[in-house]
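Work through the exercises below with the sequence and the model at hand. Each task is followed by a solution in steps.

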Amino acid sequence: MSYRITSILFIFLLNACGQKEDTPPPKLFEDQRNALDKAKDVNTTQQEEAEKQRKELEKQTQ
């Protein structure tokens, strides 16, 4: 009797482990990552503009 129960449980265990889930992983903190990427873009733009202003100021002082 216990042999049958053990075999049935073993078959269920193998069946459960063999199933593949097709669901994609959850997108954690996606909004925060997008906001951080936008902030990095703004920072880069600010640095470029500051460099342009410095170059223009140097041209005017010469």
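**Exercise 1. Find the residues that make the nonpolar surface patch, and place Ile 8 within the fold.**

Step 1. Ile 5, Ile 8, Leu 9 and Phe 12 form a nonpolar surface patch of about 420 Å². Patches are made of residues with over 30% relative accessible area and no salt bridge, where like charges are joined within 9 Å and nonpolar side chains (Val, Leu, Ile, Met, Phe, Trp, Tyr) within 5 Å. Accessible areas come from the Shrake-Rupley method with a 1.4 Å probe, and for residues only the protein chains shown count as cover.

Step 2. Ile 8 lies in helix α1, residues 2-18. Helices (H or I, at least four residues) and strands (E, at least two) are DSSP runs, numbered from the N terminus.

Step 3. The relative accessible area of Ile 8 is 47%, so this residue is partly exposed. Buried means under 20% relative accessible area, exposed over 50%, and partly exposed in between (1.4 Å probe, protein chains only).

A note on the source: this is a predicted model, in which local features need pLDDT of at least 70 and side-chain atom pairs count only at pLDDT 80 or more, while totals for chains, interfaces and linings use all residues. Residues are numbered from 1 along each chain as its sequence is written, and side-chain values use heavy atoms, with hydrogens and water left out.

**Exercise 2. State the totals for the protein: secondary structure, burial and surface.**

Step 1. The protein has 2 helices and 0 strands.

Step 2. Of its 62 residues, 0% count as buried.

Step 3. The accessible surface of the protein is about 6,700 Å², and 57% of this belongs to carbon and sulfur atoms.

**Exercise 3. How many salt bridges are there, and how are the partners Lys 52 and Glu 49 placed?**

Step 1. A salt bridge is a side-chain nitrogen of Lys or Arg within 4 Å of a carboxyl oxygen of Asp or Glu. By this rule there are 2 salt bridges.

Step 2. Lys 52 and Glu 49 pair through their side chains at 3.8 Å, N to O. They are 3 residues apart in helix α2 (residues 30-61), so about one helical turn separates them. Lys 52 is partly exposed at 47% relative accessibility, and Glu 49 is partly exposed at 38%.

Step 3. Arg 54 and Glu 51 form a salt bridge at 2.6 Å, N to O. Arg 54 and Glu 51 are also 3 residues apart in helix α2, separated by about one helical turn. Arg 54 is partly exposed at 46%, as is Glu 51 at 34%.

**Exercise 4. Describe the backbone and setting of Phe 29, then the contacts of Arg 33.**

Step 1. Phe 29 is not a glycine, yet has a positive phi of about 60 degrees. Most residues other than glycine have a negative phi.

Step 2. Phe 29 sits in the loop between α1 and α2. Its relative accessibility is 59%, so Phe 29 counts as exposed.

Step 3. Arg 33 belongs to helix α2. Apart from neighbours within four places in sequence, Arg 33 is in contact (heavy atoms within 4.5 Å) with Lys 27 and Leu 28.
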